[in-house]
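Subject: A structure for you to look at

Hi there,

Here is the structure I promised to pass on to you. Have a look at it first, and then read on for what turned up.

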Amino acid sequence: MSGHAPSASGGVFKLILLAMPLVAALMGLLEFLSDRPFSQFSNAWDHLAGWQGGILGIIIIIFAIVLMMALVVLFA
């Protein structure tokens, strides 16, 4: 053992690079489950009214937080 603490060099940028394959996998999963290309989701989001995008965005964030909390409870 070298006695050195692990380096935090790269910080947030390293996390972004590590998350990119997961993002690509989730996009592929969404395309597979819906049988639609991701560009259709992007176009549909762009055509929402501002308030609709805001409400839908909040719902998605709440769902993601609840899902992460459930996974922590299940696997912790």
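One term before we start: a residue counts as exposed when its relative accessible area is over 50%, and as buried when that value is under 20%. Please also keep in mind that this is a predicted model.

Let's begin with the overall layout. The protein has three helices and zero strands, so its pattern along the sequence reads α-α-α. Of its 76 residues, 3% are buried. The protein exposes about 6900 Å², and 77% of that area comes from carbon and sulfur atoms.

Next, follow helix 1, which runs over residues 11–34. Its 24 residues reach 35 Å from the first C-alpha to the last, close to the 34 Å expected at 1.5 Å a residue. Where does helix 1 have a kink? Look at Ala19: the kink there is about 35°, and the proline Pro21 follows shortly after.

Now move on to Asp35, which comes just after helix 1. This residue sits in the loop between helix 1 and helix 2, the latter covering residues 38–46. Its phi is near 60°, a positive value in a residue other than glycine. Is Asp35 buried or exposed? Its relative accessible area is 72%, and because the cut-off for exposed is over 50%, Asp35 counts as exposed.

Finally, there is a pocket to find. The largest pocket has a volume of about 200 Å³. Which residues line the largest pocket? They are Leu26, Ile60, Phe63, Ala64, Leu67, Met68 and Leu71. Helix 3, residues 50–75, gives the most to this lining, with six residues. By class, the lining has seven nonpolar residues, no polar ones and no charged ones.

If you open the model in a viewer, here are some places to visit:

- Ala19 in helix 1, for the kink of about 35°
- Asp35 in the loop between helix 1 and helix 2, for the positive phi
- Phe63 and Met68, which are among the residues lining the largest pocket

Enjoy exploring, and write back with any questions!

Best wishes

Methods:
Residues are numbered from 1 along each chain as its sequence is written. This is a predicted model: local features need pLDDT of at least 70, side-chain atom pairs count only at pLDDT 80 or more; totals for chains, interfaces and linings use all residues. Side-chain values use heavy atoms; hydrogens and water are left out. Helices (H or I, at least four residues) and strands (E, at least two) are DSSP runs, numbered from the N terminus. The expected span of a helix is 1.5 Å times one less than its number of residues. The bend at a residue is the angle between axes fitted to the seven residues ending there and the seven starting there. Buried means under 20% relative accessible area, exposed over 50%, partly exposed in between (1.4 Å probe, protein chains only). Accessible areas come from the Shrake-Rupley method with a 1.4 Å probe; for residues, only the protein chains shown count as cover. On a 1 Å grid over the protein atoms alone, a cavity is a set of points where a 1.4 Å probe fits but cannot get out, and a pocket is an open set with protein on both sides within 12 Å along at least five of seven lines; lining residues have an atom within 4 Å of a point. Grid points are joined across faces, edges and corners, and a volume is the space filled by probe spheres set on the points. Ala, Val, Leu, Ile, Met, Phe, Trp, Tyr, Cys and Pro count as nonpolar, Asp, Glu, Lys and Arg as charged, and the others, Gly among them, as polar.
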